[in-house]
Amino acid sequence: HVQAPGKKKISKSKGNAPTDPRDMITQHGADATRYWALSATLGNDYVYNEDDFKQGRRLCMKLWNAAKLAQNHFEGFDRAAVTAEPRPIDTAIRARLADTVRIASSDLDRYEFGIAKGTIEKFFWNDLCDNYLEMIKNRLYDDSPEGADAREAARAGLYDVLYGVIRLLTPFVPHVCEAVHQALFRAGSGEVSVGAAPWPTAEAPEGAEAANQAWDAGVAVLTTTRRWRSENKVSPGKPLSLVKLRVAADVAERSAAVLDDVKAAGRIETLEIATDEALAAGEAALDAAELAEPKA
């Protein structure tokens, strides 16, 4: 049952919550309303909360903005013609998508729509938008001949994962997913609608375990740098000329394969990493960071 705020019964006379879905759609939009309706979990009452609609709208806007960024790089791109080898982060993001598909599919089979939505959202916001997109931006914008393979691998990774995301999110926000499909994926997939497209695969790519370990280590480094920025009120857009980190032995070993991607995402020119045996597995600590001099 849906309850009014304060876990009270919805009363039309009291006007303590909307009673007509058409009013909710008019106010918030169809996708945000559907998002709200699919946030509940089985066996639990669900309190009407305007913030859930706002989160649904934020998701739609973020997905649309990610699609617009991707569209700039998909012009003239033929996914079937890509032969470039993926980098570890390209393999890792595909592996994390496969894990998301497996977990969310299990929840959907149990009619736990709200739990499945949370799993998919976490992947979209954290893995794809916060980390992967930032890590591959330099490759996406590198149109030099020597960067061609790296760019193609990044484009292929973004194509595969964004196409997977809109298929996963279609049950929750179908209209924006359909718009993205028509703009970016209809021609390449041959599917007339995202609703007719096959559900993404839960099969992990080759090399998934090592790539995921490298991803986790790289994100530990990136998160530590971002924390320093936040604590020192340094904008994410300001480049850092130098970052010195102490990291656990496993982070030092596993992050080596993704340090170029981490530097790109963190806008770091020089990254110095030293192993600190006193740190627990997966940990990193920042010793020093210096802002780059503004360019004349």
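**Salt bridges and nonpolar cores in the predicted model**

With a relative accessibility of 26%, Glu-134 falls in the partly exposed class. In this predicted model, Glu-134 makes a salt bridge with Lys-137, and their closest N and O atoms are 3.2 Å apart. Lys-137 is partly exposed as well, its relative accessible area being 28%. Both residues belong to helix H5, and because they are three residues apart there, about one helical turn separates them.

Helix H5 also takes part in a link of longer reach along the chain. Asp-127 and Arg-96 form a salt bridge in which the closest N and O atoms lie 3.2 Å apart. Here the partners come from distant parts of the chain: Asp-127 sits in helix H5, which covers residues 113-141, while Arg-96 sits in helix H4, and their positions lie 31 residues apart in the count. Both Asp-127 and Arg-96 are buried.

A further salt bridge joins the side chains of Arg-94 and Asp-160, with an N to O distance of 3.0 Å. Since Arg-94 is part of helix H4 (residues 88-109) and Asp-160 is part of helix H6, this pair ties together parts that are 66 residues apart in sequence. The two partners fall into separate accessibility classes. Arg-94 has a relative accessibility of 18% and therefore counts as buried, the cut-off for that class being under 20%. Asp-160, by contrast, has a relative accessible area of 22% and is partly exposed. The link between them belongs to a network of salt bridges that connects Arg-79, Arg-94 and Asp-160. Across the whole structure, the search finds 15 salt bridges.

Attention now turns to the nonpolar residues. In soluble globular proteins, nonpolar side chains tend to be buried together. The largest nonpolar core of this model has 75 residues, and the members that touch the most others are Leu-63, Leu-128, Leu-169 and Phe-185. Helix H6, spanning residues 148-169, supplies the largest share of this core, with twelve residues. Apart from this core lies another one of seven residues, including Met-24, Trp-36, Tyr-46 and Phe-53.

Leu-63 offers a good view of the larger assembly from within. When neighbours within four places in sequence are left aside, Leu-63 is in contact with Phe-124, Leu-162, Val-165, Ile-166, Leu-169, Val-176 and Cys-177. Among these partners is Leu-169, which, like Leu-63 itself, is one of the core residues touching the most other members.

Notes:
Residues are numbered from 1 along each chain as its sequence is written. This is a predicted model: local features need pLDDT of at least 70, side-chain atom pairs count only at pLDDT 80 or more; totals for chains, interfaces and linings use all residues. Side-chain values use heavy atoms; hydrogens and water are left out. A nonpolar core is a set of buried Ala, Val, Leu, Ile, Met, Phe, Trp, Tyr and Cys residues joined through side-chain atoms within 4.5 Å. Buried means under 20% relative accessible area, exposed over 50%, partly exposed in between (1.4 Å probe, protein chains only). Helices (H or I, at least four residues) and strands (E, at least two) are DSSP runs, numbered from the N terminus. Contact means heavy atoms within 4.5 Å. A salt bridge is a side-chain nitrogen of Lys or Arg within 4 Å of a carboxyl oxygen of Asp or Glu.
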